[in-house]
Amino acid sequence: MSVKQLQLRAPQQGLFEFTAQVQVLVQESHISEGLCTLFVQHTSASLLIQENADPDVRTDLNNWFKRLVPEGDSLYTHTMEGADDMPAHIKSALTATSLSIPILNNRLTLGTWQGIYLWEHRRRGGMRTVVVHLGQ
Amino acid sequence: MSVKQLQLRAPQQGLFEFTAQVQVLVQESHISEGLCTLFVQHTSASLLIQENADPDVRTDLNNWFKRLVPEGDSLYTHTMEGADDMPAHIKSALTATSLSIPILNNRLTLGTWQGIYLWEHRRRGGMRTVVVHLGQ
Amino acid sequence: MSVKQLQLRAPQQGLFEFTAQVQVLVQESHISEGLCTLFVQHTSASLLIQENADPDVRTDLNNWFKRLVPEGDSLYTHTMEGADDMPAHIKSALTATSLSIPILNNRLTLGTWQGIYLWEHRRRGGMRTVVVHLGQ
């Protein structure tokens, strides 16, 4: 069992894949069968498992969420941290803060088309931290 | 500790309960106290824990999501896999890819009205795979 | 490893923080490195990790979801349990039923601004149960 941290660069809104970094941690853990849990330490970025084939899927996902949760909505009272901040919190609430993926044969049991993404919801994200728990 | 697979038949859009199949795996594991984690290996189907009493709840859930994420939206650029494909990816992003349920007395600690469902978002789903991790 | 229960008072719609109660369970477990998993035993309340600084964020989150999923929508066929019941099920489906947070140095690895909330979606909630699994 181990708890690790990944520092991920997410400079702007959108989906950033980090499947390979998680796979490396799984291999280094030497866990044959177990569970890998990811936890993002932020309230304006989230985690997503999505199709890793056609990049249009990620573009459409990001644009659909931007339209559903637009900036400048008169409903918002929390506006002091920028027009993109409250939409980022709402998008985080609509998506995942933690994700768990079983491990088999020392590999994540992802489906053929599944990739792991950090979803940055701020216009300027910067570095984001994902905590990774690897257990049996 | 063990990692198992469930093959579930989901022929059309909607919610398909598989609580009983998970409960059998928990019983066979002989784990008295622990954690059961479910992971769906697809990006156009998801997992949901919802009311198992009135079937109208599932109908309304499915119809509400269909209206929120309609087919044929001019926003979509990913259209080559069918009109229902991009809405399916968005619905998956809005719901759960993994779920964890504690185990007590060799049973899932589900609430009285909670059932476990596979939510098929494609018009023609077919067979779907859920990986089940049972640990302490 | 242990499985505990928290009884939380959620008298009306909105977000109720219970970070401190979870932190106490983690400390009592004496687990240095591990994983804490929360599971809500209801289908009209959910779990959320969100900003614990500006309370306006929680107000805006709650109001945004109320507008997205209004009461009295003619789409609903499940109406016999009150006008707030079907919206509560939909809001639950859009948010989290389970959450996992790694433990390091016998503490939850929450980010600086992250708090753990029970999100009550009914007008009159009452007592809600969250099951807590603490493992390595």
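Here are some friendly notes on how the chains of this predicted model fit together.

1. **Confidence.** Let's start with how far the model can be trusted. The mean pLDDT of chain A is 97, and 100% of its residues reach 70 or more. For the model as a whole, the scores are ipTM 0.97 and pTM 0.98. As a habit for your reading of predictions, remember that coordinates should not be read in detail where pLDDT is low.

2. **Symmetry.** How can chain B be laid on chain A? A turn of 120 degrees, with a shift of 0.0 Å along the axis, does it with an RMSD of 0.0 Å. That is the relation of a three-fold axis. The copies use different surfaces when they meet: 14% of the contact residues of chain B recur in chain A. If you would like a landmark for the rotation axis, look for Leu94(B), which comes closest to it of the residues of chain B, with its C-alpha at 3.4 Å.

3. **The side of chain B that touches chain A.** Here 22 residues of chain B are in contact with 28 residues of chain A. Which elements of chain B each supply at least two residues to this side? They are strand S3 (34-40), H3, strand S5 (98-104) and strand S8 (126-135). H3(B) gives the most, with five residues. Sorted by class, this side of chain B has ten nonpolar residues, twelve polar and no charged.

4. **Helix against helix, A with B.** Now zoom in on H3(B), residues 85-94, and its partner H2(A), residues 55-68. Their axes come within 10 Å and cross at roughly 60 degrees, and the two helices are therefore oblique to each other. The crossing of H2(A) past H3(B) is right-handed. On the H2(A) side you will find Val57(A), Asp60(A), Leu61(A) and Trp64(A), which meet Met86(B), His89(B), Ile90(B) and Ala93(B) of H3(B). The residues of this contact divide into six nonpolar, one polar and one charged.

5. **Helix against helix, A with C.** Chain A also offers its own H3 (residues 85-94), which packs with H2 (residues 55-68) of chain C. The angle is about 60 degrees, and the axes are 10 Å apart. That makes H3(A) oblique to H2(C), and the crossing is right-handed. From H3(A), the contact takes Met86(A), His89(A), Ile90(A) and Ala93(A); from H2(C), it takes Val57(C), Asp60(C), Leu61(C) and Trp64(C). By class, this contact has six nonpolar residues, one polar and one charged.

Conventions:
Residues numbered from 1 in each chain as written. Chains lettered and ligands numbered in written order. Predicted model: local features only at pLDDT ≥ 70, side-chain atom pairs only at ≥ 80, totals over all residues. pLDDT = per-residue confidence, 0-100. Least-squares fit on C-alpha atoms with pLDDT ≥ 70 in both. Contact = placed C-beta atoms within 7 Å. Axes fitted to C-alpha atoms, helices over the stretch in contact; angles between N-to-C directions. Helix = DSSP H or I, 4+ residues; strand = E, 2+ residues; numbered from the N terminus. Parallel < 35°, antiparallel > 145°, perpendicular 65-115°, else oblique. Left-handed = near helix turned anticlockwise from the far one by under 90°. Nonpolar A, V, L, I, M, F, W, Y, C, P; charged D, E, K, R; others polar.
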